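Open the model in your viewer and keep the sequence panel beside it. The tour moves from one selection to the next.

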Amino acid sequence: MIIKASIIFEIIGRPAEFLVESLEEVVKKVSEEKGVKIIKSTVHQPKDVPDKKGIYSSFVEVEADFDNQDSLFMTMFNYMPANVEIVKPEEWKFTINEFNIFVNELLRKLHQYDSLAKAFILEKNNMQAYINEMQEKLQNLSEEIKMPKLEVSNFGEERAEKKSSKKAKKSKK
């Protein structure tokens with residue numbers, strides 16, 4: 001059964017030229033996947049992201065035919081499009097085995113992202129602990145050599161406070 005779908009891939013970053021190149025590369029890689037045939041693709045020019053100086057966003061619209069649901073699902077899991085609209089067939093029946101495979105692949109991908117998120121949080125906490133340790137050593141050293149007391153602050157907390165105060169000012173307007 002051929003599955004016709006309209007897919008949107010989005011990207012945010014800089015420089016603007018890189019976004020177009022990256023989207024074209026995504027389309028090329030998707031087209032090389034087994035069971036996928038790209039019918040048409042349209043890359044849209046990057047636009048400035050409001051309130052993010054020097055950051056751009058762009059997207060590509062892709063019309064594609066998939067030989068079966070496996071090729072569609074693997075494209076979704078491997079390339080994480082922003083949107084997928086199945087155009088044909090209008091009705092679609094799954095066996096329980098096919099549905100189980102889909103659900104378990106979805107869970108595998110979610111666990112993979114959860115693991116990455118936990119690793120990033122751990123790394124952030126380790127980095128913060130290291131920064132705190134270095135701040136303490138710097139403070140002790142300055143006391144030993146009788147330097148004026150250094151005002152050392154928590155950079156992450158200062159940034160969070162600045163952002164929250166900016167948001168509060170905007171919401172009052």
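Which residues have the most contacts inside the largest nonpolar core? Select Ile 7, Phe 9, Val 60, Val 62, Phe 66 and Leu 72. That core has 16 residues in total. E1, H1, E4 and H2 each supply at least two of them. Keep in mind that this is a predicted model.

**The whole chain**

Zoom out and colour by secondary structure. You should find four helices and five strands. Along the sequence they follow the pattern β-α-β-β-β-α-β-α-α. Of the 173 residues, 21% count as buried. Now consider contacts between residues at least 6 apart in sequence: 67% of them join residues at least 24 apart.

**Phe 9**

Go back to the core and pick Phe 9. Leave out residues up to four places away in sequence, and Phe 9 touches Leu 23, Val 26, Val 30, Ser 58, Phe 59, Val 60, Val 62, Tyr 79, Pro 81 and Ala 82. In soluble globular proteins, nonpolar side chains tend to be buried together.

**The strands around E4**

Select E4, residues 56–66. E1 runs antiparallel to E4, joined by 11 bridges. Click Ile 12 to see one of them: its bridge partner in E4 is Ser 57.

Add E2, residues 36–43. E2 and E4 are also antiparallel, over seven bridges. Here Val 36 stands opposite Phe 66, a residue listed above for its core contacts.

Then add E3, residues 47–48. E3 pairs with E4 over two bridges, again antiparallel. Lys 47 has Ser 57 as its bridge partner in E4.

**Helix H1**

Select residues 16–31. This is H1, with 16 residues. From first C-alpha to last, H1 reaches 23 Å, close to the expected 22 Å.

Which residues of H1 are buried? They are Ala 16, Leu 19, Val 20, Ser 22, Leu 23, Val 27 and Val 30. These residues cover an arc of only 165° around the axis, so they sit on the same side of H1. Show what covers them: strands E1, E2 and E4 and helix H2 are included.

**The aromatic cluster**

Show the rings of Phe 73, Phe 77, Trp 92, Phe 94, Phe 99 and Phe 102. Ring pairs link these six residues into a cluster. The count of aromatic pairs comes to seven. Phe 73 and Trp 92 form a stacked pair, with 6.2 Å centre to centre and 5° between the planes. Phe 73 lies in H2 and Trp 92 in the loop between E5 and H3, so the pair ties together parts that are 19 residues apart in sequence.

Are the two partners buried or exposed? Phe 73 counts as buried, at 10% relative accessibility. Trp 92 counts as partly exposed, at 22%; the cut-off for buried is under 20%.

Stay on Trp 92. Beyond residues up to four places away in sequence, Trp 92 touches Met 1, Ile 3, Gln 69, Leu 72 and Ile 86. Draw a distance from its C-alpha to that of Ile 3: the two are 89 residues apart along the chain, yet separated by 9.6 Å.

**Helix H3**

Select residues 96–144. H3 has 49 residues, which should span 72 Å at 1.5 Å a residue; the end C-alpha atoms are 71 Å apart, which agrees. Its buried residues are Phe 102, Glu 105, Lys 109, Gln 135, Gln 139 and Ser 142. H2 is among the parts that cover them. Just after H3, Lys 146 takes a positive phi of about 60°.

**Backbone exceptions**

Most residues other than glycine have a negative phi, and most peptide bonds are trans. Check four places against that.

- Arg 14 to Pro 15: this peptide bond is cis, with omega near -10°. Pro 15 is in the loop between E1 and H1.
- Lys 88 to Pro 89: another cis bond, with omega about 5°. Pro 89 is in the loop between E5 and H3.
- Asp 51: phi is positive, about 65°. Asp 51 is in the loop between E3 and E4, and is exposed at 72% relative accessible area.
- Met 80: phi is near 45°. Met 80 is in the loop between H2 and E5, and is partly exposed at 45%.

Conventions:
Residues are numbered from 1 along each chain as its sequence is written. This is a predicted model: local features need pLDDT of at least 70, side-chain atom pairs count only at pLDDT 80 or more; totals for chains, interfaces and linings use all residues. Side-chain values use heavy atoms; hydrogens and water are left out. The expected span of a helix is 1.5 Å times one less than its number of residues. Buried means under 20% relative accessible area, exposed over 50%, partly exposed in between (1.4 Å probe, protein chains only). The arc is that of the directions from the helix axis to the C-beta atoms. Contact means heavy atoms within 4.5 Å. A nonpolar core is a set of buried Ala, Val, Leu, Ile, Met, Phe, Trp, Tyr and Cys residues joined through side-chain atoms within 4.5 Å. Two strands pair if DSSP finds at least two bridges between them. Rings of Phe, Tyr and Trp (its six-membered ring) pair if their centres lie within 6.5 Å; planes under 30 degrees apart count as stacked, over 60 as edge-to-face and the rest as tilted.
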